[in-house]
Amino acid sequence: MTGFEAIRIDKDEKGYHADYQTMEDADLMPGDVEIAVTHSTINYKDGLAVTGKAPIVRRFPMVPGVDFAGRVIASTHKDFAPGDLVVAGGCGWERRIWAAGRKRRGFRRLAGPLPAGLSPAQAMAIGTAGLTAMLCVIALERHGLAPESGAIVVTGASGGVGSVAVALLARLGWRVAAVTGRPEEADYLKGLGAQEIIDRAELSLPGKPLQSQRFAGAVDTVGSVTLANVLSQIQFDGAVAACGNAQGWICRPAWRLSSCAACRCWASRRCGRVLRCAARPGRGSRATSTRRRWPG
Ligand SMILES: NC(=O)c1ccc[n+]([C@@H]2O[C@H](COP(=O)([O-])OP(=O)(O)OC[C@H]3O[C@@H](n4cnc5c(N)ncnc54)[C@H](OP(=O)(O)O)[C@@H]3O)[C@@H](O)[C@H]2O)c1
């Protein structure tokens, strides 16, 4: 197979750009398995990489694509023979220079055999997002939670990870509360098995550190203030599987803590108080308060 299609991300004099390109076999990265990709899925990180919204591409040029399924076309590894169906997800194929779109070359450890009973299309419909959701559910179970423990809250519920988590938990018999910022998705989430829909706004603003115990556990894909609120509403002996930060970080750059000029301790410039630095008492330095503030 020569002349196959791929999206190539580059950063040069034109700036950061992603273009649809035809690539050649010589462009493939080294490896012991060559795969003709039959199915793929656009993952959250592919979206970040293609739009350049977050600095997740560290080497250029790069061809994104963390999830794919396909058929082996050449292999020097004993585990795979031409014709084998394989699946790969989120584990390095996108990070190497010159990975490629419809054809991949990489190392055996990055791919696994397609599980029996699953078609390549089904595997990609689940994708790494679905796998992550399943790992979250397993984590809750391993922490001793069971459907009779109480309700599980899922944040970012209409997203890739959240929606699969809602479906899996409901199918396993849990009572699921789905948090979403999109009321128009309420019927979809109820169709997946959610019994309660919570407006994202209820959890996305700073709350008290200890709130009433509302949920036995949580699958959190949102992080930040939402995760803080979820944690403060978890019952005694509950568990939270936190796997994402779609809401971002708690600290915004404006509150970044900068180190004290005298002794490099962490100090906030915004505080403005002049305090004595404990390590170097003779030197006054602006502000050694490390009090963190909620966003808002
Ligand atoms: N996809 C993966 O394979 C994977 C694997 C491991 C970890 N993760 C992490 O999990 C997180 C979610 O990934 P995803 O693939 O599910 O992404 P996604 O499909 O874009 O879903 C993210 C969801 O988060 C909610 N959300 C977005 N911005 C928000 C905000 N400012 N405040 C509150 N909620 C917000 C939205 O849900 P509503 O519209 O319902 O409100 C959105 O649908 C990411 O941080 C990602 O890095 C993803």
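This section describes the ligand site, the cysteines and selected backbone features of a predicted model.

The ligand is surrounded by 24 residues, of which Ser 158, Gly 160, Thr 180, Gly 181 and Arg 182 are the closest. By residue class, the shell comprises 13 polar, eight nonpolar and three charged residues. Both domain 1 (3-118) and domain 2 (127-242) take part, each contributing at least three residues to the shell. Four secondary-structure elements each provide at least two shell residues, namely helix H1 (44-51), helix H2 (120-142), helix H3 (160-171) and strand S9 (176-180). The largest contribution is that of H2, which supplies three residues.

Several contacts involve oxygen atoms of the ligand. A polar side-chain atom of Ser 158 is placed 2.5 Å from a ligand oxygen. For Arg 182, a polar side-chain atom is likewise found 2.7 Å from an oxygen atom of the ligand. In the case of Gly 181, it is a backbone N or O atom that lies 2.7 Å from a ligand oxygen. Of the 880 Å² of accessible area that the ligand has on its own, 80% is covered by the protein.

Ser 158 also interacts within the protein. This residue is located in the loop between strand S8 (152-154) and H3, and its side chain forms a polar contact of 3.0 Å with the side chain of Arg 182. The side chains of Ser 158 and Arg 182 are thus in polar contact with each other, while a polar side-chain atom of Ser 158 and one of Arg 182 also lie at the stated distances from ligand oxygen atoms. Ser 158 is classed as buried because its relative accessibility is 15%, below the 20% limit for that class.

The cysteines were examined next. A disulfide is a covalent bond between the sulfur atoms of two cysteines. No disulfides are found in a search of the whole structure. For Cys 136, the closest cysteine sulfur is that of Cys 243, at 3.9 Å. This pair is not assigned as a disulfide because the separation of 3.9 Å is too far for a bond, the cut-off being 2.5 Å between sulfur atoms. The relation is reciprocal, since the closest cysteine sulfur to that of Cys 243 belongs to Cys 136. The two residues fall into separate accessibility classes: Cys 136 is buried, at 5% relative accessible area, whereas Cys 243 is partly exposed, at 33%.

Backbone geometry departs from the general pattern at several positions. Most peptide bonds are trans, and most residues other than glycine have a negative phi. The peptide bond from Phe 60 to Pro 61 is cis, with omega near -10°. Pro 61 is situated in the loop between H1 and strand S4. A positive phi of about 50° is found at Ser 224, which is not a glycine. Ser 224 belongs to helix H5 (residues 224-232) and is buried, with a relative accessible area of 11%. Asp 237, another residue other than glycine, has a positive phi near 70°. Asp 237 is part of strand S12 (residues 234-242). With a relative accessibility of 63%, Asp 237 is classed as exposed, in contrast to the buried Ser 224.

Three residue pairs illustrate spatial relations between positions separated in sequence. Val 57 occupies the loop between H1 and strand S4 (67-75), which is also the loop that holds Pro 61. At 9% relative accessibility, Val 57 is buried. The C-alpha atom of Val 57 is 9.3 Å from that of Asp 10, although the two residues are 47 positions apart in sequence. Ile 9 lies in strand S1 (residues 4-12) and is buried, with a relative accessible area of 0%. Ten residues along the chain separate Ile 9 from Asp 19, and the C-alpha atoms of this pair are 6.5 Å apart. Leu 192 is located in helix H4 (residues 186-192). The relative accessible area of Leu 192 is 22%, and the residue is therefore partly exposed, a class that lies between the limits of 20% and 50%. Leu 192 and Val 164 are 28 residues apart in sequence, with a C-alpha to C-alpha distance of 8.4 Å.

Note on methods:
Residues numbered from 1 in each chain as written. Heavy atoms only, no water. Near = heavy atom within 4 Å. Polar contact = N/O pair within 3.5 Å; in protein donor to acceptor, adjacent residues only side chain to side chain. Areas by Shrake-Rupley, 256 points an atom, 1.4 Å probe, with all protein chains shown as cover. Nonpolar A, V, L, I, M, F, W, Y, C, P; charged D, E, K, R; others polar. Domains from an automatic or database assignment. Buried < 20%, exposed > 50% of the residue type's maximum accessible area, 1.4 Å probe, protein only.
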